[in-house]
Amino acid sequence: MSEIQRLAVLTSGGDAPGMNAAIRAVVRAAAACQVETVGVRDGFAGLLAGRFQPLDDRSVGGILHRGGTILGSTRCPDFHTFEARERALIALGEQDVGGLVVIGGDGSQRGALALHQMGLPVVGIASTIDNDLAETEATIGFDTALNTAMSAIDRLKDTATSHHRAFLVEVMGRNSGYLALLAALATGAEFAVLPEREMPLEAVADDIQASYARGKAHYIAVVAEGAKPSANTLAAYLRQHPCAFDIRLTVLGHVQRGGSPSANDRLLASRLGAAAVSALLAEREGVVVGWRAGAVVEIGMDAAVAPCNKVTPELLELADMLAR
Ligand code: F6P
């Protein structure tokens with residue numbers, strides 16, 4: 001077992017529903033092993049500025065169901081430098097912190113990996129609405145964001161049907177189209193425009209016409225924010241080349257990042273929070289805890305941040321087949 005008496009936890013990058021549930025699980029799992037937890041305010045930026053906040057069983061009460069992160073989060077370009085990371089290690093040392101838990105996505109786990117390579121015991125918790133970490137099927141926040149996108153698209157479909165309109169709905173996901181594709185599948189959208197399959201503008205226009213010809217009363221294209229063409233380009237093209245439906249564009253944006261976490265995200269966060277503490281205290285450092293085949297998995301940090309593509313040909317085929 002490790003000598004860690006005190007660990008630190010931070011949330012970093014884009015917030016995700018369920019991060020609070022993960023903080024709570026880390027603090028209480030550590031307390032159950034007589035290990036103290038200190039929270040770092042505002043991610044890696046707060047670490048550099050030495051902004052710490054003691055956390056105990058009571059201070060993480062009442063947060064399980066809350067969206068966002070009580071610790072705050074930032075994107076911290078400064079952290080890319082070696083000097084900044086050295087400062088972070090000094091700040092943690094001054095707090096007698098023997099290990100760090102990083103709750104976040106791709107960029108955050110890269111920061112975690114860099115600290116681990118400098119000798120700090122670090123464990124990551126997979127948390128991003130983009131679900132773009134490799135070797136984990138789920139990431140905290142993805143399920144809630146998917147449900148938020150689904151509810152919004154269901155509502156858009158109601159009005160699209162009433163007015164016989166085509167809606168382009170832009171969904172988040174950075175460079176990944178996975179959130180957009182699953183939102184398209186879950187709502188029976190007519191088309192998914194994704195970074196993983198570039199297509200000419202005319203292809204969407206043709207598909208809208210073909211859907212109208214098949215008797216559809218509306219058309220919904222879910223467009224991932226990283227798609228080429230982008231939702232804006234597509235909307236401009238479709239307005240210049242009028243088709244059977246009137247065109248509307250809706251950008252869901254940050255609404256997908258907020259809100260109370262789903263039951264799945266609360267459960268995932270509780271499991272991963274506890275698993276991160278177990279890994280850290282058992283000296284299995286340099287891993288990101290994730291979820292695969294119904295169980296927690298520990299993924300090497302370098303493997304977790306490697307490029308991944310969850311948009312499989314099978315999912316694409318299913319979405320296209322069912323959009324008839
Ligand atoms: O990584 C989560 C995410 O919401 C992405 O889907 C999106 O591209 C990005 O963050 C938005 O970042 P910001 O909140 O900094 O605008």
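This passage looks at a ligand site, one helix and two aromatic pairs in a predicted model.

We may start with the ligand. Its surroundings are formed by R75, I129, D130, M172, G173, R174, E225, H254 and R257. Three of these residues place an N or O atom beside an oxygen atom of the ligand. For R257, a polar side-chain atom lies 2.8 Å from a ligand oxygen. For H254, the separation between a side-chain N or O atom and an oxygen atom of the ligand is 2.9 Å. G173 takes part through its backbone instead, with an N or O atom 3.1 Å from an oxygen atom of the ligand. On its own the ligand has 400 Å² of accessible area, and the protein covers 75% of that area.

Helix α4 is a convenient next stop. This helix runs over residues 106-117, twelve residues in total. From the first C-alpha to the last, α4 reaches 17 Å, close to the 16 Å expected at 1.5 Å a residue. Its buried residues are S108, Q109, G111, A112, L113, A114 and L115. Which elements do the buried residues of α4 pack against? The helical partners are α2 (43-49), α3 (82-94) and α10 (301-304), while the strands are β4 (99-104), β5 (122-126) and β10 (287-292). Just after α4, the backbone at G119 adopts a positive phi of about 105 degrees.

Helix α2 returns in the aromatic contacts, for which the count comes to three pairs. One of them joins F44 and F79, whose ring centres are 4.2 Å apart; with the planes at 20 degrees, under the 30 degrees that marks stacking, the pair is stacked. F44 belongs to helix α2, whereas F79 sits in the loop between β3 (52-55) and α3, so this pair links distant parts of the chain, 35 residues apart. Are these two residues buried or exposed? F44 counts as buried because its relative accessibility is 4%, and F79 is likewise buried at 4%.

Another pair is made by F142 and Y178. Here the ring centres are 5.3 Å apart and the planes lie at 10 degrees, so this pair is stacked as well. It also links distant parts of the chain, with F142 in helix α5 (residues 142-163) and Y178 in helix α6 (residues 178-187), 36 residues apart. F142 is buried, with a relative accessible area of 8%, and Y178 counts as buried at 14% relative accessibility.

How values were computed
Residues numbered from 1 in each chain as written. Predicted model: local features only at pLDDT ≥ 70, side-chain atom pairs only at ≥ 80, totals over all residues. Heavy atoms only, no water. Helix = DSSP H or I, 4+ residues; strand = E, 2+ residues; numbered from the N terminus. Expected span 1.5 Å × (residues − 1). Buried < 20%, exposed > 50% of the residue type's maximum accessible area, 1.4 Å probe, protein only. Contact = heavy atoms within 4.5 Å. Near = heavy atom within 4 Å. Polar contact = N/O pair within 3.5 Å; in protein donor to acceptor, adjacent residues only side chain to side chain. Areas by Shrake-Rupley, 256 points an atom, 1.4 Å probe, with all protein chains shown as cover. Phe/Tyr/Trp six-rings, centres within 6.5 Å; stacked < 30°, edge-to-face > 60°.
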